[in-house]
Every structure is written in C-alpha cells, then in structure tokens.
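Visitor: Could you take me closely through the aromatic side chains of this model, and then through the empty space around them? I would like a connected account rather than a list.

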Amino acid sequence: MVTVVRVDPRQNAFRLLSARLEGLAEPLTAPQWAERAGVLGVVNAGMFQGDGLTPVAYARSGGRVANGRWNRDNAVFVAEPEDPAKPPARILDRTCDDVPREAATYRVAVQNIRMLDCEGRNVWAQQARRWSTACVGADADGRILLIHVRAPFSTHDLIDILRTLPLRLTRLMYVEGGPEASLYLRVGGETVVEEMGSFETGFFESDDNRRFWPLPNVLAFGPRPPSAVAPR
C-alpha cells in the first residue's frame, strides 16, 4: 500500500519543527509533534546525524538554522516565500535550479536526497537493500505530496512504482527509511493517517514495529488563516 497525503500549499502553511531549534531535551514522535505544534500533519524532515538531533544536510526555519552545511544532495524543499508571488512550496533541484538564490528567498529550506531528476527520471541506482520509506513530492499542480510506503522496497523499485501511479509527480525527495519513516494526519480531532515504517535491511529486519519512533526534525503543515490563503 502507498499512502499519500496531498497538500495544497496555497491553503496550508509548512513549518520545520526541530528538537534542537525548539530547545527540547528529547525528540518527539510524529503524533506528539502534531499535538505540540497544533498542526494537521507531519512527516520526516530528513535523516539525522549520530547525535540524534542534527539533520544530515542543510535545514533552516526562518533565521534559525538546524544545520548550516550544504552537502552534495540535490533536492531542496522550500516553503513560505518572502515574495507572495512565488510558489508557496516547491522542491528545488540543484542541477537545474539556482538553489542558493532561490532558497534564500524562502523561510523554510530543507535539503535531502533526490529521487527524480529535472526530467522526471529515476536517479536511484538499484541495490539489494530494502526498507520502509517516507518521501516528499510535488505534482504538476503545485501541490506537495507526503508519501509513505511501509512495505520494504529498494528505493529504485519504489520510485518506479510511484511513477506508475496517477500522482503527476514532477519532483520527489527521500526523507527517511525503516522504522523511523513516519506520516501522521489528524483532521477535525480524528486521526485519519497513522503510518509508521518497520523493515530496514541490516538494521531492523522485521515487520513487527507498531509504534512511532521519536524524530528530531519533521515537516509540518496546517491551515493558513483565511486572510492569508493564496488565490487560486
């Protein structure tokens, strides 16, 4: 099963929530993040370093920086532009977009591993390792797709599967794998999506995980105030 939460960023604002930036002693699970921040939903913001807090790649929320170092990964999620004429959220590609200039004009910027190139082609080499996956995409209508697949696939095969679905994907980036891959959505006080990963080759080779693992950094979204909704 592929679970997709499709978010219209004209109606919903995105935020980067970080245990480091929020001054928390311990990371929170996806439901805990959503409750604490009062948002509708959350997904992994990306992988993190050995300290259990710092994102692997560049991550910034406004003037607060969780990791100020750009690495070689090509996908960069940006949201909440300073210029209202810009798209409210998008995924940039360092091979075909001017990422330093564009990212600087957005209040949220998070770098991750690219899954599709600028032409929509699968760029992930085939490998034997498999895992549950959380990823973030953009479609041809400018919507942001939060995607979760619990079943373990090689990332190459998963990308091919997603390309066959009627999602109209234009960009796609990897944000986490294995038991930490999480997607949570609560609407009207009711939990409607509650997806956690499990299997990961060489780390957690079991489909038995039934709990959310703590996450130090998540992408979150919630409705904009009516006065701030972007025109269609």
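Guide: In this predicted model, Tyr184 has a relative accessible area of 7%, which is under the 20% cut-off, and so Tyr184 counts as buried. Phe212 is buried as well, at a relative accessible area of 10%. These two residues form one of the seven aromatic pairs that the structure holds. Their ring centres lie 6.1 Å apart and their planes stand at 85 degrees, and because an angle over 60 degrees is classed as edge-to-face, that is the label the pair receives. In sequence the partners are 28 residues apart, and the pair links distant parts of the chain: Tyr184 belongs to strand β12 (residues 182-187), while Phe212 sits in the loop between β13 (190-196) and β14 (217-223).

The loop between β13 and β14 also holds both members of another pair, Phe203 and Trp213, so this contact ties together parts that are ten residues apart in sequence. The geometry is again given as edge-to-face, with 6.0 Å from centre to centre and 70 degrees between the planes of Phe203 and Trp213. The two partners differ in their exposure, for Trp213 counts as buried at 14% relative accessibility, whereas Phe203 is partly exposed, with a relative accessible area of 47%.

Two further aromatic arrangements belong in this picture. Phe14, Phe77 and Phe221 come together as one aromatic cluster, and the face of Phe199 has Arg130 lying over it, at 4.9 Å from the ring centre.

Phe203 leads on to the question of empty space, since Phe203 is among the residues that line the second largest pocket. That pocket contains about 180 Å³ of space, and its lining also includes the aromatic residues Phe48, Trp124, Trp131 and Tyr174, together with Arg129, Glu176, Glu180 and Glu200. Sorted by class, the lining of this pocket consists of seven nonpolar, one polar and four charged residues. The element that gives the most to it is strand β11 (residues 169-177), with three residues.

Met47 takes part in the lining of the second largest pocket, and Met47 is also one of the residues closest to the centre of the largest cavity, along with Gly46, Val56, Gln111 and Asn112. The structure holds one cavity of 30 Å³ or more, and the volume of the largest cavity is about 90 Å³. In total 13 residues line this cavity, and they divide into eight nonpolar, four polar and one charged. Here strand β8 (residues 106-114) gives the most to the lining, with four residues.

Two backbone details remain for a careful reading of the model. Glu80, in strand β6 (residues 75-81), has a positive phi of about 65 degrees although it is not a glycine, and Glu80 is buried, with a relative accessible area of 8%. Arg168, which is found in the loop between α4 (155-164) and β11, likewise has a positive phi, near 55 degrees, in a residue other than glycine.

Conventions. Residues are numbered from 1 along each chain as its sequence is written. This is a predicted model: local features need pLDDT of at least 70, side-chain atom pairs count only at pLDDT 80 or more; totals for chains, interfaces and linings use all residues. Side-chain values use heavy atoms; hydrogens and water are left out. Rings of Phe, Tyr and Trp (its six-membered ring) pair if their centres lie within 6.5 Å; planes under 30 degrees apart count as stacked, over 60 as edge-to-face and the rest as tilted. Helices (H or I, at least four residues) and strands (E, at least two) are DSSP runs, numbered from the N terminus. Buried means under 20% relative accessible area, exposed over 50%, partly exposed in between (1.4 Å probe, protein chains only). A charge sits over a ring if NZ of Lys or CZ of Arg is within 6 Å of the ring centre and within 35 degrees of the ring normal. On a 1 Å grid over the protein atoms alone, a cavity is a set of points where a 1.4 Å probe fits but cannot get out, and a pocket is an open set with protein on both sides within 12 Å along at least five of seven lines; lining residues have an atom within 4 Å of a point. Grid points are joined across faces, edges and corners, and a volume is the space filled by probe spheres set on the points. Ala, Val, Leu, Ile, Met, Phe, Trp, Tyr, Cys and Pro count as nonpolar, Asp, Glu, Lys and Arg as charged, and the others, Gly among them, as polar.
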